[in-house]
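Open the model in a viewer and keep the selection tool at hand. The stops below each give a selection and then what is found there.

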Amino acid sequence: MTTDQNNYLIHGYSATPTANWFPWLKTQLNIHLNQELNILTMPDTNHPNLEAWLGACERDIDSSDGITLIGHSLGCITALRFLEKQTIKNVNLILVSGFDDKIETLPELDEFTQQPLNIQWLLPKINQITVISARDDDIVPYRHTEKLARDLDAPFILMPHGQHFIDRDGTTKLPVVYDVFATFQKN
């Protein structure tokens with residue numbers, strides 16, 4: 001089995017590639033599935049700008065057919081905005097604690113959701129997709145992530161606990177993302 005380099009994780013607002021469950025997932029994918037995970041370093045994470053974040057995606061993601069994009073929080077809408085601009089197909093998406101509408105408590109991120117997603121343009125590009133949230137998410141209330149899943153006609157996994165799946169809340173491993181990724185590899 002050859003190692004696949006076309007797996008990308010886009011982190012969220014105020015995060016880094018070494019935060020949360022990202023290093024754990026990278027290690028698990030490599031050890032158990034012989035897959036590489038490229039964790040992007042998004043610019044100015046404390047003051048995110050849509051164009052700058054899309055520029056980082058365009059620079060760092062090989063936009064070949066069949067890539068896998070994993071987004072966390074702001075990384076989800078960023079992944080979808082990136083995908084809107086590409087002419088690729090068969091993209092696998094795992095979206096964790098994402099949103100495609102304004103979050104009342106995070107007005108500084110409104111730029112990312114100001115325009116509605118072009119769902120009719122996105123859906124034909126998607127091969128497999130799963131959207132994940134936690135019932136007790138205190139940063140992006142799960143109803144926003146559930147709406148994103150409905151908008152994308154995607155399976156939705158609602159975890160009973162996990163909050164926003166960040167290390168501040170004790171989340172340094174996220175087996176559900178590994179499991180979804182492994183399932184995608186079998187299909």
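**Stop 1: Gly162**

Select Gly162 and show what lies around it: leaving aside neighbours within four places in sequence, Gly162 is in contact with Ala134, Asp136 and Thr171. The model is a predicted one. Gly162 sits in the loop that links strand 6 (156-159) to helix 6 (175-186). Now add Thr172, ten residues from Gly162 along the chain, and check the distance between the two C-alpha atoms, which is 11 Å.

**Stop 2: Asn20**

Thr172 leads to the next selection, since Asn20 is in contact with Thr172. Beyond four places in sequence, the other residues that Asn20 contacts are Ala15, His72, Phe165, Ile166, Asp167 and Thr171. Asn20 belongs to the loop between strand 1 and helix 1 (22-33). Is Asn20 buried or exposed? Its relative accessibility is 8%, so Asn20 counts as buried, the limit for that class being under 20%. Draw a distance from the side chain of Asn20 to the backbone nitrogen of Asp167: it comes to 2.8 Å.

**Stop 3: strand 3**

Select residues 68-72, which form strand 3. Five of the five residues are buried, so the strand is largely enclosed by the rest of the structure. Colour the two faces separately: Thr68, Ile70 and His72 are buried on one side, and Leu69 and Gly71 are buried on the other.

Next, show the strands paired with strand 3. Which strands are they? Strand 1 (residues 7-10) pairs with strand 3 in the parallel sense, over four bridges. Strand 4 (residues 91-96) also runs parallel to strand 3, and five bridges join the two. Thr68 is a useful residue to centre on: Thr68 is the bridge partner of Asn7, and its partner in strand 4 is Asn92.

Extend the selection to helix 3 (residues 74-85). Together, strand 3, helix 3 and strand 4 form a β-α-β unit, which is right-handed.

**Stop 4: helix 2**

Select helix 2 (50-60). Its buried residues include Leu50, Trp53, Leu54, Ala56 and Cys57. Looking down the helix axis, the buried residues fall within an arc of 155 degrees, so they line one face. An α-helix has 3.6 residues a turn, so residues three or four places apart point the same way. On the face turned away from the buried side, select the exposed residues Glu51 and Arg59. Strand 1 and helix 3 are among the elements that cover the buried residues of helix 2. At the start of the helix, find Asn49, which brings a side-chain oxygen to within 3.1 Å of the backbone nitrogen of Glu51.

**Stop 5: the nonpolar cores**

In soluble globular proteins, nonpolar side chains tend to be buried together. The largest nonpolar core here has 39 residues, and Ile61, Leu69, Leu93, Leu95 and Leu152 have the most contacts inside it. Elements giving two or more residues to this core include strand 1, helix 2, strand 4 and helix 5 (142-151). Helix 3 gives the most, with seven residues.

Select Leu152 to see one part of this core. Not counting residues up to four places away in sequence, Leu152 touches Leu80, Leu95, Ile119, Leu122, Leu123 and Ile129. For the last selection, take Trp21, Leu25, Tyr178 and Phe184, which are among the 24 residues of another core lying apart from the largest one.

Note on methods
Residues are numbered from 1 along each chain as its sequence is written. This is a predicted model: local features need pLDDT of at least 70, side-chain atom pairs count only at pLDDT 80 or more; totals for chains, interfaces and linings use all residues. Side-chain values use heavy atoms; hydrogens and water are left out. Buried means under 20% relative accessible area, exposed over 50%, partly exposed in between (1.4 Å probe, protein chains only). Two strands pair if DSSP finds at least two bridges between them. A crossover is right-handed if, with the strands pointing away from the viewer, the path from the first strand over the helix to the second runs clockwise. A nonpolar core is a set of buried Ala, Val, Leu, Ile, Met, Phe, Trp, Tyr and Cys residues joined through side-chain atoms within 4.5 Å. Contact means heavy atoms within 4.5 Å. A polar contact is a pair of N or O atoms within 3.5 Å; within protein, one must be able to donate a hydrogen and the other to accept it, and residues adjacent in sequence count only if both atoms are side-chain atoms. The arc is that of the directions from the helix axis to the C-beta atoms.
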